[in-house]
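Trainee: Got a minute? I'd like to walk through this one with you.
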Amino acid sequence: MTKICFIRHGETDWNTAGRLQGLTNTPLNDKGIEQAKACGQYLKESHWDVILTSPLSRAKTTAQWIQHYLNIPLIENEAFIEVSFGDAEGLTPEERSAKFPSLIYPNKEKEAVIKDRFLKGIDLVNNTYKDKNILIISHGAFINAIFHHYSNGNLGTGITKLTNGSMSTLKIADGHYNIINYDQTSHLPMHGSSI
């Protein structure tokens, strides 16, 4: 059995403002660093083999804090970078509604491309680290796309929101993909919810 735990990066100031980050490189804020540390402290109580991270700084910094507690290899992987929101990146919900009333964003990464990216990424991880326990530090929209797919549309994109620093876990055994948990937050400090 291969276990993959997807962790959404810690909070940024753009998260609190509701701005779409996409491929824009934004740093963790103080709460985000606290969330990353809480993840590391929680995860050190169980066995993990490797950390893969999106190269964007908010994910990579989260991964580095987790690695501090676990002392396992940390590898950047482009496959798990955030969805590109094209012309809507950097805009607040109000700005997006005003500029793109249809909520169709020019130059946004297409759903088929996102799906192809995560299917190939997960397949590569499962083949490379078969029967291992893997942490993947990624992003809200991308993790939601993955769980939307594996839950047959019951979770994720357009249905549920992911908390910064939350954990969502997939188990892969004999070609079957099962969701163990989604948006687990019991390890996080309670300072109100994040966007």
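Trainee: How many disulfides does a search of the whole structure find?
Mentor: Zero. A disulfide here is a pair of cysteine sulfur atoms within 2.5 Å. Keep in mind that this is a predicted model: local features need pLDDT of at least 70, side-chain atom pairs count only at pLDDT 80 or more, and totals for chains, interfaces and linings use all residues. Residues are numbered from 1 along each chain as its sequence is written, and side-chain values use heavy atoms, with hydrogens and water left out.

Trainee: Why no bond for Cys 5?
Mentor: The closest cysteine sulfur is in Cys 39, 8.1 Å away, so it is too far for a bond.

Trainee: Is Cys 5 buried or exposed?
Mentor: Buried, at a relative accessible area of 2%. Cys 39 is buried too, at 0%. Buried means under 20%, exposed over 50%, partly exposed in between, with a 1.4 Å probe and protein chains only.

Trainee: New topic. What is the strand order in the open sheet?
Mentor: β3-β2-β4-β1-β5-β6, six strands with mixed pairing. Strands are DSSP runs of E, at least two residues; helices are H or I, at least four; both are numbered from the N terminus. Two strands pair if DSSP finds at least two bridges between them.

Trainee: Which strands stand at the edges?
Mentor: β3 (74–76) and β6 (176–184). Each has a single partner strand, so one side of each is left without a neighbour in the sheet.

Trainee: In which sense do β2 and β4 pair?
Mentor: Parallel, over four bridges. Ile 51 has Leu 135 in β4 as its bridge partner.
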